[in-house]
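Reader: Hello! Could you take one part of this protein and walk me through it slowly?

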Amino acid sequence: MRPALHLKLSQQLTMTPQLQQAIRLLQLPVLDLSAQIQEALEENVMLELEEPTEQVPVNGESTAEVQAITGDDSWRDVAGSGQDNYGGDGPSMAEFADESGDSLRDHLLWQLELESFSPREAVIGAAIIDAIDDEGYLGATLEQIHAELDPTADISVDEIERTLSKVQRFDPAGVGARALDECIGLQLLQLDPTTPGVGTARRMAADYLELVAEKSFAELRRQLEVSDEELELAVALVRSCHPKPGLAVSSARTEYVVPDVFVRKIDGTWQVEVTSSGIPKLTVNQRYVDLMRGQSTHGALRAQLQEARWLVRSLEIRHDTVLKVAKSIVERQMAFFEHGEEHMRPMVLRDIAEAIEMHESTVSRVTNNKYMHTPRGVLEFKYFFSSHVSTVDGDEQSSTAVRAKIRKLIGAENPAKPLSDSRITKLLEQDGVKVARRTVAKYREAMNIPSSSERRVR
C-alpha cells in the first residue's frame with residue numbers, strides 16, 4: 001500500500017451564518033428578541049430604526065399586517081374581546097408590580113423592629129431569624145443558635161426558647177417551627193378558640209398527622225373519640241394550613257408574558273396579527289450605503305452592511321413564519337375559539353408543518369416560548385397541540401377536549417354521590433368518546449382532581 005491522493009466530489013448541507021441567525025431569532029420570545037435588536041443597533045452603524053409612517057386607521061383598527069380568517073357569524077365577540085381590550089381612547093389602566101424585593105428574612109426583621117423586644121431579645125431574635133430557611137422552618141437547634149451568640153452576653157438556652165416563641169407569632173403564621181406538627185399547630189393557635197373543630201384539629205396536628213396523611217379516618221375517629229361531623233371539620237382545618245409558610249413571602253418579581261400574536265374576531269372574521277409593540281423595526285442606513293457605493297475601501301463597514309442586511313431579512317422571515325404558524329393554528333382550532341376547549345381538535349406539529357409546507361423542526365422552534373393573546377386568555381402556542389383519542393364512531397378527539405369533558409362532568413356531579421372513574425368512562429362513551437378507565441384516572445390526576453371517595457361530602 002502506497003500513500004496516494006484522490007479527488008472525491010460530494011454534497012452536504014452547510015449551516016451558513018445567515019441560516020444560523022434566522023434559526024436563532026426564530027426561537028426567541030418577544031422580550032429576548034427586542035434585547036437582541038437593541039444590542040445589534042448599538043454595535044452595527046449600518047442599522048437604524050425605521051421611521052413609522054403615518055397611517056389612517058380603518059374602522060378603528062390598526063393598519064398592521066393582518067391575516068383574516070372567515071368564521072361563523074353565530075358567535076360574535078366573546079366577552080372580553082373587541083378593540084376595547086387592545087387600545088382606543090379610553091383611560092389607561094396601568095398595572096404596577098410589587099417590586100419591594102423583600103425576602104422572608106427582611107419581612108421578619110421588619111416585624112422584629114416593630115415589636116416591643118428588649119435590646120437583648122432583639123439580638124437573640126435576629127440570630128433566630130438568620131437560622132430560618134426559605135420555607136419558614138428553623139434550620140438550627142437552640143444549642144447551635146446559642147453557640148453563634150456572643151459568649152460574653154451570658155445568654156441561656158431558655159432565653160432563646162422564650163424569644164423563639166415570640167418570633168413564632170410573626171407573620172406568616174407557622175414561621176419558626178421546628179417540624180411540620182409544630183408548624184400546623186402554630187397556625188391553628190391563631191384561630192379563634194370557638195372555631196368549630198379547632199380543639200380536635202390541634203390534637204390531630206400534635207399526635208396524628210401520619211393518620212391524616214394516610215387518610216385513615218376510621219382510626220382517627222376511634223383515637224380522638226369524636227363524631228364524623230367534628231372529624232370532618234378538624235381535618236378541613238388541618239388541611240387548610242400551609243405546610244411551608246415561608247413560601248408565602250417571596251422576593252421573586254412577577255414575570256409578565258408579552259404575546260407574540262393577537263387573535264380576535266371582528267365582524268364575523270378571525271384576525272391574526274403579529275405584535276409589533278416592543279420590537280424595534282430595523283432598516284439599513286441608506287445614507288452610509290450611498291457613501292460607500294463605488295469605493296473599494298471600508299472593508300469593516302461592508303462587513304457590517306452584510307450583517308445588517310442579513311438581520312433585516314432574518315426578522316422578516318421570523319415575522320412571516322410566526323404569522324403562518326399562528327394563522328394555521330387558528331384555522332384548525334376555530335371550533336375552540338368559537339365554543340371552548342371541549343371542541344379542541346387533535347393536532348401535532350406535523351399537521352401544521354404540512355399545512356404551511358415547512359419542516360417540523362421549524363414549527364417546533366416557532367411554538368417554543370411563544371404566546372397568543374386570544375379572547376379566551378393568553379395561551380402558549382403549545383397549548384393547541386395535543387394527542388389523539390379514539391371515539392366510538394371512529395373519529396378522533398383531542399386529549400385537551402377529553403380533559404375538559406371530564407372536568408365538566410365532575411363539576412356537575414352530586415357532591416353526595418360523586419362520579420367514579422368507571423362511571424365517567426361510561427358517560428364519555430355515551431357522548432361518543434371511547435377511553436379506558438385508567439386514561440380517565442390519569443387525566444383526572446393530571447388536573448389535580450381527587451378521587452370520588454375524597455370528593456364525597458358526608
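Reader: Looking at V45, does this residue count as buried, exposed or partly exposed, and what is its relative accessibility?

Author: Happy to help! This is a predicted model, where local features need pLDDT of at least 70, side-chain atom pairs count only at pLDDT 80 or more, and totals for chains, interfaces and linings use all residues. Residues are numbered from 1 along each chain as its sequence is written, and side-chain values use heavy atoms, with hydrogens and water left out.

V45 counts as partly exposed because its relative accessibility is 41%; buried means under 20% relative accessible area, exposed means over 50%, and partly exposed lies in between (1.4 Å probe, protein chains only). You will find V45 in the loop between α2 (30–43) and β1 (47–49). Helices (H or I, at least four residues) and strands (E, at least two) are DSSP runs, numbered from the N terminus. Together with Y288 and L291, V45 makes a nonpolar surface patch of about 280 Å². Patch residues have over 30% relative accessible area and no salt bridge, with nonpolar side chains joined within 5 Å and like charges within 9 Å. A salt bridge is a side-chain nitrogen of Lys or Arg within 4 Å of a carboxyl oxygen of Asp or Glu. The areas come from the Shrake-Rupley method with a 1.4 Å probe, and for residues only the protein chains shown count as cover.

For another loop residue, look at E413, between α17 (399–411) and α18 (421–430). E413 is buried, at 15% relative accessible area. A polar atom of the E413 side chain lies 2.8 Å from the backbone nitrogen of L419.

Note on methods:
Polar contact = N/O pair within 3.5 Å; in protein donor to acceptor, adjacent residues only side chain to side chain.
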